[in-house]
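Colleague: Could you take me closely through one part of this model, namely the surface that faces the nucleic acid, and then place that part within the rest of the assembly?

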2 protein chains.
Amino acid sequence: MSRNTYSTETVPPTAPAVVGFALGPEFRLTKQRREVYDSLCEQRNHPTATELFIRVKERVPGISLATVYNCLETLTHSGLVRQVNLDRGPSRYCPNLKEHGHFHCESCSTIYDVDLPDCAMPLPRGYVVSRLDVSLRGQCPACTKAAKAARP
Amino acid sequence: MSRNTYSTETVPPTAPAVVGFALGPEFRLTKQRREVYDSLCEQRNHPTATELFIRVKERVPGISLATVYNCLETLTHSGLVRQVNLDRGPSRYCPNLKEHGHFHCESCSTIYDVDLPDCAMPLPRGYVVSRLDVSLRGQCPACTKAAKAARP
DNA sequence: GATTTATTTAGAATAATTCTTGATAACCTT
DNA sequence: AAGGTTATCAAGAATTATTCTAAATAAATC
């Protein structure tokens with residue numbers, strides 16, 4: 001994996017050491033929230049709520065899917081987690097707090113975090129931007145290579 | 001409205017004069033498809049399928065919502081229309097074929113077409129991009145101004 | 001004009017997410 | 001540490017956007 005993408009393994013660390021502080025005084029750091037957050041940080045492959053639910057259940061057997069949704073909403077609101085929406089698919093979640101975009105491979109469905117160019121949007125005066133979402137679709141290097149090999 | 005946004009009125013013309021050709025040989029130019037497309041071009045405010053449905057029904061009273069969905073899918077596949085997905089909201093549709101992004105005002109919910117910067121994504125070698133989606137959220141000039149006026 | 005094939009319609013089905021309600025757990029006060 | 005307050009959780013129902021299904025219709029082809 002080269003310069004500008006972060007693989008599942010190498011995503012830069014994102015979480016403040018003590019999540020309790022980052023959650024803010026308005027939110028409580030519960031076991032469920034911590035486990036959802038921890039599982040999300042372990043996986044790093046942009047799981048859906050349901051995928052996370054399955055994973056978290058191993059540690060917190062009684063947890064419900066609705067709770068996973070709630071936790072993710074809380075984490076998103078407190079800024080620890082980013083919700084990633086690609087087309088009409090189910091929301092995916094990403095603990096990488098660095099500003100970045102997403103590349104979605106149409107062949108293998110992997111989602112890669114990618115750097116953004118450091119140029120600004122050419123917006124006319126008066127627009128105040130609170131969030132930027134950049135997503136790309138296409139073929140990742142591995143799939144491009146595989147496709148080439150398949151048909152000479 | 002200034003340089004880099006297209007208002008509801010001033011969106012640059014996008015449709016080939018004869019939609020029939022553009023639809024391609026694999027698709028038939030039916031009354032429903034034409035009316036859906038025409039209504040979409042008239043509105044220009046990124047309507048949802050349901051919003052379009054209501055509008056098209058005035059001209060084609062018997063049309064069904066499923067048909068509007070079908071038509072939009074066909075139009076999207078043939079490249080005449082772009083499906084715009086912002087967060088988890090219902091899909092919206094856009095006949096502006098020029099490459100552009102979308103600015104979504106959190107106050108008035110208007111969606112503006114915006115220019116993209118002409119710098120390239122800093123992708124590592126091997127990524128093949130077939131589509132780019134850029135969306136911004138924030139406050140549009142009108143709402144920013146109104147907010148300022150409201151509280152001194 | 002008959003035949004084939006795509007499209008439309010209406011309604012059922014699906015999938016992701018949100019809502020509701022009562023139970024539980026965390027926090028705060030004393 | 002007990003009691004009170006408020007946030008959170010769990011389970012299942014409800015909602016919303018969208019897709020699917022099957023029969024009817026319309027377009028294109030022969």
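Modeller: The account below begins with the protein surface at each DNA strand, then turns to the helices behind that surface and to the relation of the two chains. The model is a predicted one, and every value that follows is computed from it.

I begin with DNA strand D. There are 16 residues around this strand, and those that come nearest are Thr30(A), Arg33(A), Thr67(A), Tyr69(B) and Ser91(B). Sugar and phosphate make up 81% of the strand D atoms that come within 4 Å of the protein. Several individual contacts illustrate this backbone side of the strand. In Thr30(A), a polar side-chain atom is placed 2.7 Å from a phosphate oxygen of DNA strand D. For Thr67(A), the separation between a side-chain N or O atom and a phosphate oxygen of the strand is 2.4 Å. Chain B takes part as well: an N or O atom in the side chain of Tyr69(B) is 2.5 Å from a phosphate oxygen of DNA strand D.

In terms of secondary structure, at least two residues of the surface near DNA strand D are supplied by each of helix 2 (31-43) of chain A, helix 4 (65-77) of chain A and helix 4 (65-77) of chain B. By class, this surface has six nonpolar, six polar and four charged residues.

DNA strand C comes next. Of the 17 residues around DNA strand C, the nearest are Tyr69(A), Ser91(A), Thr30(B), Arg33(B) and Thr67(B). Among the atoms of DNA strand C within 4 Å of the protein, 81% belong to sugar or phosphate, and bases provide the rest. Three side chains of chain B may be described in detail. Arg28(B) has a side-chain N or O atom 3.1 Å from a sugar or linking oxygen of DNA strand C. Thr30(B) places a side-chain N or O atom 2.6 Å from a phosphate oxygen of the strand, and for Arg33(B) the corresponding distance to a phosphate oxygen is 2.7 Å.

The elements that contribute two or more residues to the surface near DNA strand C are helix 4 of chain A, helix 2 of chain B and helix 4 of chain B. Helix 4 of chain B gives the largest share, three residues. By class, the surface near DNA strand C divides into six nonpolar, seven polar and four charged residues.

Helix 2 also has a partner within its own chain. In chain A, the axes of helix 2 and helix 3 (residues 49-57) come within 10 Å and cross at roughly 110°. Helix 2 of chain A is therefore roughly perpendicular to helix 3 of chain A. From helix 2 of chain A, the residues Glu35(A), Val36(A), Ser39(A), Leu40(A), Glu42(A) and Gln43(A) meet Leu52(A), Arg55(A) and Val56(A) of helix 3. By class, that contact has four nonpolar, two polar and three charged residues.

For chain B, the axes of helix 2 (residues 31-43) and helix 3 (residues 49-57) likewise come within 10 Å and cross at roughly 110°. It follows that helix 2 of chain B and helix 3 of chain B are roughly perpendicular to each other. Here Glu35(B), Val36(B), Ser39(B), Leu40(B), Glu42(B) and Gln43(B) of helix 2 meet Leu52(B), Arg55(B) and Val56(B) of helix 3. The class make-up of this contact is four nonpolar, two polar and three charged residues.

The relation of the two chains can be stated directly. A turn of 180°, with a shift of 0.0 Å along the axis, lays chain A on chain B with an RMSD of 0.1 Å. This is the relation of a two-fold axis. The C-alpha of chain A nearest the axis belongs to Val134(A), at 2.3 Å from it. The same surface serves both copies, since 98% of the contact residues of chain A recur in chain B.

One residue shows how the chains meet. Met121(A) is located in the loop between strand 5 (111-114) and strand 6 (128-139) of chain A. Leaving aside residues up to four places away in sequence, Met121(A) touches Val114(B), Asp115(B), Leu116(B), Pro117(B), Val134(B) and Leu136(B). Within chain A, the C-alpha atoms of Met121(A) and Leu132(A) are separated by 9.7 Å, the two residues being eleven apart along the chain.

Terms used:
Residues are numbered from 1 along each chain as its sequence is written. Chains are lettered from A and ligands numbered from 1 in the order in which they are written. This is a predicted model: local features need pLDDT of at least 70, side-chain atom pairs count only at pLDDT 80 or more; totals for chains, interfaces and linings use all residues. Side-chain values use heavy atoms; hydrogens and water are left out. Axes are lines fitted to C-alpha atoms, for helices over the stretch in contact, and angles run from 0 to 180 degrees between N-to-C directions. Helices (H or I, at least four residues) and strands (E, at least two) are DSSP runs, numbered from the N terminus. Angles under 35 degrees count as roughly parallel, over 145 as roughly antiparallel, 65 to 115 as roughly perpendicular and the rest as oblique. Contact means heavy atoms within 4.5 Å. Ala, Val, Leu, Ile, Met, Phe, Trp, Tyr, Cys and Pro count as nonpolar, Asp, Glu, Lys and Arg as charged, and the others, Gly among them, as polar. Copies are superposed by least squares on the C-alpha atoms of residues with pLDDT of at least 70 in both. A residue is near a molecule or strand if one of its heavy atoms lies within 4 Å of it. A polar contact is a pair of N or O atoms within 3.5 Å; within protein, one must be able to donate a hydrogen and the other to accept it, and residues adjacent in sequence count only if both atoms are side-chain atoms.
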